[in-house]
Amino acid sequence: MKRVGILILFLIAAFVVTGYLLPKQVHIERSIIIERPATMMFEILNSYRHFNKWSPWARRDPKALFTISGPDSGVGARMSWVGDPQLVGSGWQEIVASKPYEKIEIKLDFDAQGVADTGFTLIAKGDGTEITWFFDSDLTKGVNFLDSFLARYFGLLFDRWVGGDYEAGLANLKEYAESLPVSDFSQLKIERVDVDAQKILYVTTNSSQDPADIAPAMAAAYAEITEFMNQANINISGQPMAITRAWEEGSYQFDAAIPVEFVPQVLSGDIKSGLSPQGPAVRAVHNGAFDEMMPTYTKLAAYISAHGLRQGDVSWEHYITDPASATQSEMITHVYIMLEAPGFTR
């Protein structure tokens, strides 16, 4: 019996000593290659507007309440949540450092369950990106003596617990990101703007989607408007516009419009009056010929998707340079796509 007591004391001592020899720091990481450019993946991960589209925890507790605050993206962007204590608990996470196309660092607070430093590293791999999701935590920080001791043993299981969630999350992220339009928009100057309406005179016209057909249709419409403006002594107040109304099944319907200082009561021919689009939009600067515009639209669509925005029902172009005084390579066009009001969906 005495030997049994000695053995028990020895085992307890070994348990205690081993516990304090175990590391208090835990590091976990998982990686995956996603067939999307690093620029696009950075924008997806640098904001919380996409997070619950691929997060493993959002799927675990569909009734959890998630709240986004701070800036739309980058340092200060924050998400907090309150859910079932047995499923996702409550806490918050906030982006604390953001290096474009390379790394995002996040502070994570699980309330009573502790804090951690987490984030993503991005490495371009051909046309894709290797994403590494990492997790670092001091298991003894902010806890009492006993909890600090037990936490070291729990640390042995962290890789299995958290690592499994990270693997599932990255698989979800790959599926989600690869469902979005693909384009590297890093070299395109894009910005979000709030557009004011302008008084316009316009002619609604149609053509095929062939640039060779669009150009004469647009020229004829502008010629009709310009002739009327000259006769009515109306001054132009902004760059000519083309407002897309429909682009489908090989046809293109648009309003060839010219901003004006005032709109007369009496119009002529096919000319109509109205207001140009207004509200939140994204704008890209296209340099080059009009018939090379489609890649710019593709990149704008990818930018909108990567930023968790939604396209509105209209797009338009402002022709900044006069085709009569510039070569095709010198042409500058501002391309706009209207946005719907952003909203957060669980």
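**Exercise 1. Classify Glu249 by its accessibility and describe its backbone.**

Solution. Glu249 has a relative accessibility of 84% and therefore counts as exposed, where exposed means over 50% relative accessible area, buried under 20%, and partly exposed in between (1.4 Å probe, protein chains only). The residue sits in the loop between β10 (241-248) and β11 (251-259), helices (H or I, at least four residues) and strands (E, at least two) being DSSP runs numbered from the N terminus. Its phi is near 50°, a positive value in a residue other than glycine.

This is a predicted model, in which local features need pLDDT of at least 70 and side-chain atom pairs count only at pLDDT 80 or more, while totals for chains, interfaces and linings use all residues. Residues are numbered from 1 along each chain as its sequence is written, and side-chain values use heavy atoms, with hydrogens and water left out.

**Exercise 2. Give the loop, the phi and the accessibility class of Tyr101.**

Solution. Begin with the location: Tyr101 is found in the loop between β4 (90-99) and β5 (103-109). Its phi is positive, about 70°, although Tyr101 is not a glycine. With 33% relative accessibility, Tyr101 counts as partly exposed.

**Exercise 3. Check the length of helix α7, then establish which of its residues are buried and what covers them.**

Solution. The expected span of a helix is 1.5 Å times one less than its number of residues, so the 13 residues of α7 (residues 294-306) should span 18 Å, and this agrees with the 18 Å that separate its end C-alpha atoms. The buried residues of α7 are Thr296, Tyr297, Leu300, Ala301, Ala302, Tyr303, Ile304, Ser305 and Ala306. Their cover includes the helix α2 (38-45) and the strands β8 (190-195), β13 (279-287), β14 (311-319) and β15 (332-339).

Continue past the end of the helix, where His307 lies in the loop between α7 and β14. His307 is buried, because its relative accessible area is 13%. When residues up to four places away in sequence are not counted, His307 touches Glu43, Arg49 and His50, a contact meaning heavy atoms within 4.5 Å. Gly308, just after α7, takes a positive phi of about 70°.

**Exercise 4. Identify the residues of the largest nonpolar core that touch the most other members, and follow the contacts of Val282.**

Solution. A nonpolar core is a set of buried Ala, Val, Leu, Ile, Met, Phe, Trp, Tyr and Cys residues joined through side-chain atoms within 4.5 Å. The largest such core holds 52 residues, of which Met41, Ile44, Trp54, Ile131, Phe135, Leu173 and Val282 touch the most other members. Leaving aside neighbours within four places in sequence, Val282 is in contact with Glu191, Arg192, Leu300, Tyr303, Ile304, Leu309, Val335, Tyr336, Ile337 and Leu339. Apart from the largest core lies another, of 19 residues, among them Leu201, Met218, Ala221 and Val260. In soluble globular proteins, nonpolar side chains tend to be buried together.

**Exercise 5. Find the cavity of 30 Å³ or more and the elements that line it.**

Solution. On a 1 Å grid over the protein atoms alone, a cavity is a set of points where a 1.4 Å probe fits but cannot get out, and lining residues have an atom within 4 Å of a point. Grid points are joined across faces, edges and corners, and a volume is the space filled by probe spheres set on the points. A search of the whole structure finds 1 cavity of 30 Å³ or more, and the largest cavity has a volume of about 40 Å³. Its lining consists of Ile44, Leu45, Ser47, Tyr48, His50, Phe51, Trp54, Ile106 and Phe120. The elements that give two or more residues to this lining are α2 and α3 (51-54).

**Exercise 6. Compile the settings of Asp184 and Asn206.**

Solution. Asp184 lies in the loop between α5 (145-177) and β8 and is partly exposed, with a relative accessible area of 39%. Not counting residues up to four places away in sequence, Asp184 touches Pro37, Thr39 and Lys299. The C-alpha atoms of Asp184 and Asp127, 57 residues apart along the chain, are separated by 9.3 Å.

Asn206, for its part, lies in strand β9 (residues 199-208) and is partly exposed, with a relative accessible area of 49%. Not counting residues up to four places away in sequence, Asn206 touches Ala217, Tyr252 and Gln253.

Key:
On a 1 Å grid over the protein atoms alone, a cavity is a set of points where a 1.4 Å probe fits but cannot get out, and a pocket is an open set with protein on both sides within 12 Å along at least five of seven lines; lining residues have an atom within 4 Å of a point.
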